[in-house]
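Here are my notes on the model, set out as numbered points. Please read them with the coordinates open.

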Amino acid sequence: MNSGSMDIHRQLCELLDREDAAYRVVEHEPEGRSELVARIRGNRLEQAIKSMVVQVRLGKKENIYCLANIPADRRVDFDGIAQHFNATSAAMAAREKAEALTGCVIGAIPPFSFNELLIPLADPLIRENDEVVFNAGRLDRSIFMKSSDYLRVARPVLVNIALRA
């Protein structure tokens, strides 16, 4: 287990405590794939938040990065992200870059940004579930919480970025 992920898990719990969010941590076997972890946790796929680091090309040499948070039964709309930023294109960031920006291994990334270089976006569909669940900075920990608390604490920009899978 890399120590970075442990730190993000702790930072996340400290943030939720500080913001008075009601949440519960669930320990489970290590798994980062949405469909499989949903079965382990016993949640509906659409109530899970899938978080992906996206590289947004603003020009030939200028890139920014965002954390795209969508219901786990959907896929990321890269064109929608590019349009939001008025960018040339958007694509999944390289694994190394994603792990460096989030401090987590792929699959463990929570829908919160602890890095000012990573802009959090969330699809409004997330609001359709009273309770959401997500991997909490570690492959063997998940957090269940109210979607209203998630949106209040994470403060993502709400953008239509989820397509039917």
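1. Which strands does helix α2 lie across, and at about what angle does α2 run to β7? This is a predicted model. Helix α2, residues 34-41, lies across β7 and β8, and the angle to β7 is about 115°.

2. The sheet under that helix is open and has three strands, ordered β1-β8-β7, with antiparallel pairing. Its edge strands, each paired on one side only, are β1 (23-27) and β7 (131-135). On average, neighbouring strands here are turned by 20° against each other, direction ignored.

3. β7 and β8 (residues 141-146) run antiparallel and are joined by five bridges. For a specific pair to look up, take Asn135, whose bridge partner in β8 is Ser142. Helix α5 (residues 147-154) also packs on this sheet, where α5 touches β7 and β8. The direction of α5 makes about 100° with that of β8.

4. Arg141 deserves a separate look. Arg141 is located in strand β8. Is Arg141 buried or exposed? Its relative accessible area is 14%, and because the cut-off for buried is under 20%, Arg141 counts as buried. Setting aside neighbours within four places in sequence, Arg141 is in contact with His9, Val25, Val26, Glu27, His28, Phe134, Asn135 and Ala136. Asn135, one of these contacts, is the residue bridged to Ser142.

5. A second open sheet has five strands in the order β5-β2-β3-β6-β9, and its pairing is mixed. β5 (89-92) and β9 form the edges, each pairing on one side only. Helix α4 packs on this sheet and touches β2 (49-57), β3 and β6. Relative to the direction of β2, that of α4 makes about 110°.

6. Within this sheet, β6 pairs with β3 (residues 63-71) in the parallel sense over five bridges. Cys66 has Ile119 as its bridge partner in β6, and Ala68 has Leu121. β6 also pairs with β9 (residues 157-158), again in the parallel sense, over two bridges. Leu121 stands opposite Val157 of β9. β6 is mostly covered, with four of its five residues buried.

7. Ser113 sits in the loop between α4 (95-102) and β6 (118-122). How accessible is Ser113, buried or partly exposed? The relative accessible area of Ser113 is 24%; since partly exposed runs from the 20% cut-off for buried up to the 50% cut-off for exposed, Ser113 is partly exposed. Not counting residues up to four places away in sequence, Ser113 touches Leu67, Leu118 and Pro120. The C-alpha atom of Ser113 is separated by 22 Å from that of Ala38, a residue 75 places away along the chain.

8. What does a cavity search of the whole structure find? One cavity of 30 Å³ or more turns up, and the space in the largest cavity is about 40 Å³. Its lining consists of Ile8, Leu101, Thr102, Pro110, Phe112, Ser113, Phe114 and Leu118. By class, that lining has six nonpolar residues, two polar and no charged ones. Ser113 thus appears in the lining as well as in the loop between α4 and β6, and Leu118, another lining residue, is also touched by Ser113.

Conventions
Residues numbered from 1 in each chain as written. Predicted model: local features only at pLDDT ≥ 70, side-chain atom pairs only at ≥ 80, totals over all residues. Heavy atoms only, no water. Pairing = 2+ DSSP bridges. Axes fitted to C-alpha atoms, helices over the stretch in contact; angles between N-to-C directions. Contact = heavy atoms within 4.5 Å. 1 Å grid on protein atoms, 1.4 Å probe; cavity = no way out; pocket = protein on both sides within 12 Å on 5 of 7 lines; lining within 4 Å. Points joined across faces, edges and corners; volume = space filled by probe spheres on them. Nonpolar A, V, L, I, M, F, W, Y, C, P; charged D, E, K, R; others polar. Buried < 20%, exposed > 50% of the residue type's maximum accessible area, 1.4 Å probe, protein only.
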